[in-house]
Amino acid sequence: MTQNSDHLDGRLDPLVRRGWTPAGAEDVILPPRATRWLASRTGLDDRPTPAAPDSTLAVPESALPEAAREALCAAVGERHVSTGRAERLGRAGGLSYVDLLRYRGAGAPAVPDAVVTPADPEEVQRVVEVCAEHDIGLVPFGGGTSVVGGVTALRGGKAAVVVLDLARLDRLVSVDPVSRLAVFQAGVVAPAAERMLAEHGLTLGHVPQSFERATIGGFAATRSSGQASAGYGRFEDMVEGVRMATPRGEWRLGVAPASAAGPDLRQLVVGSEGAFGVLTEVTVRVRELPTVRRYEGFVLDGWDEGAAAVRELAQRRVLGDVTRLSDPHETDVAFTMSGGWKTALVRRYLRLRGVLEPCLLVLGWEATSAEELARRRGATLAALREVRPVSLGAAAGESWRHGRFAGPRQRDALMDKGICVETLETATYWSKLGALRTAVRTALIESLSEPGRTPMVACHISHAYETGASLYFTTIVPRADDDPEGQWQRAKDAACTAIAGNGDGPLGTISHHHAVGVDHAPYLPAEIGDLGVEVLASVKRTLDPGGVLNPGKLLP
Ligand SMILES: Cc1cc2nc3c(=O)[nH]c(=O)nc-3n(C[C@H](O)[C@H](O)[C@H](O)COP(=O)(O)OP(=O)(O)OC[C@H]3O[C@@H](n4cnc5c(N)ncnc54)[C@H](O)[C@@H]3O)c2cc1C
C-alpha cells in the first residue's frame with residue numbers, strides 16, 4: 001500500500017474554498033489588455049470587488065445532537081470529528097460561481113454541523129451506519145470541486161448534516177501490472193494518483209481541468225471526463241470495480257473485465273453522486289506511462305466546418321488523445337489573452353489566408369514510442385487534409401497544455417474585478433450539435449443582456465465520439481451586484497431549459513461530465529423519464545432506506 005505524500009495537503013485550508021487559487025500559490029493577474037478587452041466587449045467598468053474576509057461569513061452553531069457526536073467519535077476517534085467553524089465552513093459547498101459568490105459574502109453557504117474524517121473503508125462504513133441510526137444527513141466530500149451543488153451541505157429534512165471528508169483515504173492499495181489494474185482509496189487526489197502510478201511506469205491518463213484537486217472517488221461518483229478522454233476514455237470506462245459503504249452494509253462490485261451476468265451494476269454505482277453510498281475504494285484500468293507527447297494548434301475557418309472536421313476524425317477513429325475545437329468567440333478570447341506581437345502576426349496571417357472566422361483546434365497525442373506517435377499523428381492529419389487547416393505548430397499546442405489549469409485561477413481574478421463568470425456543458429449527437437449550440441448561446445445571451453451589460457458566450461467541443469460530441473460554454477458578463485446569484489441562476493435555468501428541449505424532447509444531455517447534483521436535478525426527468533427517476537429512487541430506497549445519503553442530490 002503506497003501512502004500519498006500530499007496527505008491532507010491544501011484541502012483543510014478553509015480559505016481555499018473561496019476560490020481555486022490555493023494559499024501561497026501564485027495568483028493569475030489579468031493582463032491590462034484583458035481588462036481593456038472586457039470593458040469594450042462586455043461593458044465592464046473596472047471596479048475591484050475582492051472577496052470579503054472569511055470572518056464576516058455567518059456560521060450557525062452546530063446542531064449535531066450530542067448522542068450522534070459521541071457515536072461518530074466512537075467510530076473514528078474524537079480528533080477526527082470537528083464541529084469547528086473553519087472546518088465546517090471549509091466544506092460548505094463546491095466551486096460553482098454561485099458557491100464562490102456565497103463564500104464571498106453574497107448569500108449564505110449551507111454550513112454542515114460537523115466534519116468527519118475517517119481513516120479507512122471500515123471507519124467509513126461505521127460513520128455511514130451511525131448517520132443512518134441517528135437519522136443524520138451525510139455528504140461525501142472528495143476534492144469538493146463539484147460545480148453543480150454536489151457537496152452542498154443540505155439537511156434534507158434531517159436534524160443535522162455531517163460532511164464525510166475522504167481526505168485520509170489517500171492510499172494506492174495495490175497494483176496488478178499483469179492485468180493493468182490499480183486499486184485506489186477514494187480520497188486520493190489526481191496528481192498523487194499519477195505520481196504513485198508513475199513509480200510503476202503506469203498512468204491513469206485522466207486529466208480534467210479540476211485535476212489538481214479532484215479525487216478518484218469524486219471522478220467515479222460523477223462520471224467525470226478528462227481532457228484526453230478521446231485517448232484514455234471517460235472515467236466510467238476506467239472503473240473496473242468499486243467498494244462502497246451503504247447503510248445496508250458494504251457492497252463490492254467488479255470481478256472481470258466484461259460480464260453478461262445481468263445489467264452492469266458498476267455503472268449504477270458510477271455516477272451515483274454519494275446518494276447510494278460512499279465509495280471507499282475504486283479499481284481502475286491503467287495504461288503504460290507515455291514517453292512521448294506532441295500537442296499542436298490549427299485554425300479552421302468557421303464553426304460548422306470545424307465541427308464537421310472533428311466528426312470526420314471521430315468517425316474515422318483518428319482523434320488525437322486531446323481533441324478540442326473552440327468556436328470563433330473562444331478563439332478570439334484565446335488570441336486576446338495570448339496578446340503580443342506573435343498573436344498579431346497570426347491574426348494578420350489568417351486574414352491573408354482568407355480565414356474569416358478562425359476556430360482554434362488543439363490536438364494532442366501521447367504514446368510510448370516515437371513511431372507510434374508519428375503513426376497516429378499522421379493518421380489524424382491525413383484525415384484533416386481536405387479542410388486545409390492552418391497550422392500554428394507545436395507552440396500553440398504547448399501553450400494550451402501549459403495553461404490548461406489556469407482557467408479556475410483566472411475565474412478568481414475575474415470575480416475580483418466584478419465579473420460574473422461561469423461554465424456549463426452538455427452533449428448531443430452530431431446531427432443536433434449546431435442546433436444545441438445555437439439554442440444554449442441564445443438562451444444565455446437573451447437572459448443576460450441588459451443595458452450596459454453585454455454577455456460574451458464562448459464554446460468549444462471538449463470531447464468527441466463517433467456519434468456526437470460535448471459542448472462546453474463559458475459565459476462572461478459584468479456582475480449585477482444587486483442580485484448576483486439571481487442573475488446567473490436565471491441564465492443557467494434558461495440554458496438548461498433549452499437543453500431539455502422546452503417540452504419538445506431533449507436537444508442534449510443535461511450534463512456530459514459535471515453530473516446532476518442539485519442544479520441539474522429538476523431537468524433529469526426530461527432526460528430519463530419519470531420511470532427512470534422512479535428506478536433511481538427505488539435503488540436509493542433499497543440502499544439508503546432512511547434517505548440520509550447526500551440529501552437533495554441526483555434525484556429531483
Ligand atoms: C474549475 C473546475 C474545472 C472542472 N473541470 C472538469 C473537467 O474537466 N471534467 C470533469 O469531469 N469535471 C470537471 N469539473 C467538475 C468536478 O471536478 C468533477 O465533478 C469531479 O469529478 C469531482 O471530484 P471531487 O473529488 O472534487 O468530488 P466532490 O466535488 O467532492 O464530489 C462530487 C460529487 O461526488 C460525491 N462524492 C465525492 N466523493 C465520493 C465518494 N468517495 N463516494 C461517493 N460519493 C462521492 C459528492 O458527494 C458529490 O456529489 C470541474 C470543476 C471545477 C471547479
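Colleague: I'm new to this one, so let me start somewhere small: is Arg 223 buried, partly exposed or exposed?

Modeller: In this predicted model, Arg 223 has a relative accessibility of 27%, so it counts as partly exposed, given that buried means under 20% and exposed means over 50%.

Colleague: Which residue does Arg 223 form a salt bridge with?

Modeller: The partner is Glu 236, and the closest N and O atoms of the two are 3.4 Å apart. Arg 223 sits in the loop between H7 and helix H8 (229-232) while Glu 236 lies in helix H9, so the salt bridge ties together parts that are 13 residues apart in sequence.

Colleague: And why does Glu 236 count as buried?

Modeller: Because its relative accessible area is 9%, which is under the 20% cut-off.

Colleague: Switching to rings, how many aromatic pairs are there?

Modeller: The count comes to 3. One of them joins Phe 219 and Phe 235, whose ring centres are 5.3 Å apart and whose planes stand at 50 degrees, so the pair is tilted. Phe 219 belongs to helix H7 (residues 216-222) and Phe 235 to helix H9 (residues 235-238), so this pair ties together parts 16 residues apart in sequence. Both Phe 219 and Phe 235 are buried.

Colleague: What about Tyr 295 and Trp 400, stacked or tilted?

Modeller: Those two are stacked, because their planes are at 25 degrees, with the ring centres 6.1 Å apart. The pair links distant parts of the chain, since Tyr 295 is in strand S13 (residues 292-301) and Trp 400 is in helix H15 (residues 393-402), 105 residues apart. Tyr 295 and Trp 400 are both buried.

Colleague: Which residue lies over the face of Trp 303?

Modeller: That is Arg 437, at 4.7 Å from the centre of the Trp 303 ring.

Colleague: Back to charges, how many salt bridges are counted overall?

Modeller: The count comes to 33. Among them is the one between Lys 158 and Asp 135, where the closest N and O atoms are 2.8 Å apart. Lys 158 is buried, with a relative accessible area of 14%, whereas Asp 135 is partly exposed at 37%.

Colleague: Which residues are linked in a network of salt bridges?

Modeller: The network links Glu 122, Arg 243, Glu 250, Arg 252 and Glu 281. Within it, Arg 252 and Glu 250 form a salt bridge with their closest N and O atoms 3.1 Å apart; Arg 252 is exposed, with a relative accessible area of 55%, and Glu 250 is partly exposed at 36%.

Methods. Residues are numbered from 1 along each chain as its sequence is written. This is a predicted model: local features need pLDDT of at least 70, side-chain atom pairs count only at pLDDT 80 or more; totals for chains, interfaces and linings use all residues. Side-chain values use heavy atoms; hydrogens and water are left out. Rings of Phe, Tyr and Trp (its six-membered ring) pair if their centres lie within 6.5 Å; planes under 30 degrees apart count as stacked, over 60 as edge-to-face and the rest as tilted. Helices (H or I, at least four residues) and strands (E, at least two) are DSSP runs, numbered from the N terminus. Buried means under 20% relative accessible area, exposed over 50%, partly exposed in between (1.4 Å probe, protein chains only). A charge sits over a ring if NZ of Lys or CZ of Arg is within 6 Å of the ring centre and within 35 degrees of the ring normal. A salt bridge is a side-chain nitrogen of Lys or Arg within 4 Å of a carboxyl oxygen of Asp or Glu.
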